[in-house]
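User: I am new to this structure and would like a close look at one residue. Please go on from there to the other parts that can be described.

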Amino acid sequence: MSSKNAAKRPEFMRMVQDAENKKFDLIITKSISRLARNTADCLETVRKLKLLGIAVQFEKEAINTLTAESELMLSILSSVAEEELASISQNMHWSNQRRFKKGKFSVNTKRFLGYDKDREGDLIINEDQAAIVRRIFKNYLSDLGASRIAKGLEADEINNISGRVKWAESSIRDILKNEKYAGDARLQKTITTALYNRKKNSGEAPMYYVKDSHPAIISREDFEKVQDIMADRAKSRGNVEGNREKYTNRYAITGTIVCGHCGKTFKRHIDNCGTVAESICWICSTYIMGRKKSCGMGTAV
């Protein structure tokens, strides 16, 4: 389910931008819940489009927003739609909890290096990709850090899961921390909030650990060695799990600037452009990660 916040629905925001650029004069949508996830966003969007002379036709509710009585009907029906979405979300949450308790889970292998799915949907090892995973673990156990591992993969022109040669340190660390490579599965590591945003599960919901749920690429012994090394290295730098406030709130406006286009927060960035003089600014995290096609917001301050 997509985000309840319109700012975190990039295609929705693109549609609104296209409307402002007069690329169309009518939007036909199946129902109110397909346009907006809450009453406030629905009314705000409809009013904005109405001022632009653009109508929204809701097929299920038989409402055209350019008619006189449409706003009252929208206000009532969008509130009902919001409650229906909340009910659906609760039902999905309950269903997921039951599956997790039984040790059942699903993984999108298109974004998961090392595995494919068989006809029954079970994980099977992709040997070509598994060789990359084994190399990453072997290198780390040989005292190479995530940065050097990433550079080594790039030097050998080995593609990541997206088919690109560029490897991020964070991707290497995520692979090293992923228990699925040892044949286990920790379920519900992330949860959906009331605003339909995904976040790390910090105890708000139960987690389930399933051992030997699928074929392992890395031995359990090697995986546990890697976790110990990572913990020791983090501790030596003062990076202790559960005490991350100094990293997440280092600056007064950290986490407070939100991109109006893609919904991601802005990050502090220092740019010297090859010169001695430094320029400090705040840039959308999507843009700074090189995804300029997804967000062109760029620098804020």
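Does Glu 221 count as buried or exposed, and at what relative accessibility?

Analyst: The model is a predicted one. In it, Glu 221 counts as exposed, because its relative accessibility is 53% and the exposed class begins over 50%. The residue belongs to helix 8, which covers residues 220-236. Along the chain, Glu 221 and Ala 182 are 39 residues apart, and in space their C-alpha atoms are separated by 8.7 Å.

Asn 126 falls in the opposite class. Its relative accessibility is 16%, so Asn 126 counts as buried, the limit for that class being under 20%. Asn 126 is found in the loop that connects strand 5 (123-125) with helix 5 (127-141). From this loop, the side chain of Asn 126 reaches the backbone nitrogen of Asp 128 at a distance of 3.2 Å. Leaving aside residues up to four places away in sequence, Asn 126 touches Gly 114, Tyr 115 and Asp 116.

Next come two helices that meet. Helix 6 spans residues 146-155 and helix 7 spans residues 169-177; their axes come within 8 Å and cross at roughly 110 degrees. An angle from 65 to 115 degrees counts as roughly perpendicular, and helix 6 and helix 7 are therefore placed in that class relative to each other. On the helix 6 side, the contact is made by Ala 146, Ser 147, Ile 149, Ala 150 and Leu 153; on the helix 7 side, by Glu 169, Ile 172 and Arg 173. By type, the residues of this contact are 5 nonpolar, 1 polar and 2 charged.

The last part concerns strands. Strand 1 (residues 26-29) and strand 2 (residues 55-58) run parallel and are joined by 4 bridges. Within this pairing, Leu 26 is opposite Ala 55 of strand 2. Strand 2 also pairs with strand 3 (residues 63-64), this time in the antiparallel sense, over 2 bridges. Here Phe 58 has Ile 63 of strand 3 as its bridge partner. Strand 2 and strand 3 form a hairpin, with 4 residues between the two strands. In the turn of that hairpin, Ala 62 has a positive phi of about 55 degrees. As background to these pairings, side chains in a regular strand alternate between the two faces of the sheet.

To return to the request: Glu 221, in helix 8, is exposed, whereas Asn 126, in the loop before helix 5, is buried.

Key:
Residues numbered from 1 in each chain as written. Predicted model: local features only at pLDDT ≥ 70, side-chain atom pairs only at ≥ 80, totals over all residues. Heavy atoms only, no water. Buried < 20%, exposed > 50% of the residue type's maximum accessible area, 1.4 Å probe, protein only. Polar contact = N/O pair within 3.5 Å; in protein donor to acceptor, adjacent residues only side chain to side chain. Contact = heavy atoms within 4.5 Å. Axes fitted to C-alpha atoms, helices over the stretch in contact; angles between N-to-C directions. Parallel < 35°, antiparallel > 145°, perpendicular 65-115°, else oblique. Nonpolar A, V, L, I, M, F, W, Y, C, P; charged D, E, K, R; others polar. Pairing = 2+ DSSP bridges.
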